[in-house]
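Q: I'd like a close look at just one part of this protein, please. Could you take it slowly and connect the pieces as you go?

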Amino acid sequence: MCSSDLLRRAGLDYIAATTLQTHRSWPAFEAARRAEAPPPRLVLLTTAGATSHIDFRFRPDDILMAGRESEGVPDSVAQVCDARLRIPIRPGLRSLNVATALAIVLGEALRQLGLYPEQAAAPLREIDRKSTRLNSSHT
């Protein structure tokens, strides 16, 4: 099975609702990204990130990126990222797998931007007022 077949299989019915772009290489991707005016931010998910995904303010054109679970992204790639985010987890626990981490961060980005279907009619100010955070009193 080729990688595009695996991607279609993993994407199930949702793949049809996406726009998929492929690039021959990292330099080709970076050239295409920087050719946009203004270039979208490249947001890296990393255990070494200084900013929590909850505290970060997402924009509609942000590009989320994660590296391999075993080694992340090369330093040369991390250096060109516009932001490096981490998902706060309890000390002593292993990091989350890439798919789970991306789903968590994408969910937060969609929430912030009011892009969930039930948020579409509500003003963003109203959504922010209704948002909840985990109660940390039991830690």
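In which helix do Arg34 and Glu30 both lie, and how many residues apart are they?

A: Keep in mind that this is a predicted model. Arg34 and Glu30 both sit in helix H2, four residues apart, and that spacing is about one turn of the helix. So H2 is our part, but let's get our bearings before zooming in.

The protein has 139 residues, and 24% of them count as buried. Its secondary structure adds up to five helices and four strands. If you walk along the sequence, you meet them in the order α-α-β-β-β-α-β-α-α. Take the contacts with a separation of 6 or more: 55% of them are between residues 24 or more positions apart. The accessible surface is about 10500 Å², and carbon and sulfur atoms account for 55% of that.

Now for the helix itself. H2 covers residues 26–35. Just at its N-terminal end, Ser25 acts as a cap: one of its side-chain oxygens lies 3.2 Å from the backbone nitrogen of Ala28.

Next, look at which residues of H2 are tucked away. Its buried residues are Phe29, Glu30 and Arg33. They sit on the same side of H2, because they cover an arc of only 95° around the axis. The face turned away from that buried side carries the exposed residues Pro27 and Ala35. And what covers the buried ones? The cover includes strand S1 (42–45), strand S3 (63–66) and helix H3 (75–80).

Two of those buried residues, Glu30 and Arg33, are charged partners. Their side chains meet in a salt bridge, with N and O 2.7 Å apart. Arg33 and Glu30 are separated by about one helical turn, because they are three residues apart in H2. Both partners in this pair are buried.

Glu30 has another partner in the helix, which brings us back to your question. Arg34 also forms a salt bridge with Glu30, and here the closest N and O atoms are 2.9 Å apart. This pair isn't buried at both ends, though. Glu30 has a relative accessible area of 10%, so it counts as buried. Arg34 comes out at 45%, so it is partly exposed.

You can now put these pairs into a bigger picture. Glu30, Arg33, Arg34 and Asp82 are linked in a network of salt bridges. The whole structure holds six salt bridges.

For contrast, try a salt bridge elsewhere: the side chains of Glu71 and Arg68 meet at 3.5 Å, N to O. Glu71 has a relative accessible area of 56%, so it is exposed. Arg68 has 58%, so it counts as exposed too. Set that beside Arg33 and Glu30, which are both buried.

One last stop, in another helix. Gln112 belongs to helix H4, residues 98–113. Its relative accessibility is 7%, so it counts as buried. In sequence, Gln112 and Arg57 are 55 residues apart, yet their C-alpha atoms are 7.5 Å apart in space.

So when you turn the model around, start from Ser25 at the N-terminal end of H2. Then find the side with Phe29, Glu30 and Arg33, and trace the salt-bridge network that links Glu30, Arg33, Arg34 and Asp82.

Methods:
Residues numbered from 1 in each chain as written. Predicted model: local features only at pLDDT ≥ 70, side-chain atom pairs only at ≥ 80, totals over all residues. Heavy atoms only, no water. Helix = DSSP H or I, 4+ residues; strand = E, 2+ residues; numbered from the N terminus. Buried < 20%, exposed > 50% of the residue type's maximum accessible area, 1.4 Å probe, protein only. Contact = heavy atoms within 4.5 Å. Areas by Shrake-Rupley, 256 points an atom, 1.4 Å probe, with all protein chains shown as cover. Salt bridge = Lys/Arg side-chain N within 4 Å of Asp/Glu carboxyl O. Arc of directions from axis to C-beta. Polar contact = N/O pair within 3.5 Å; in protein donor to acceptor, adjacent residues only side chain to side chain.
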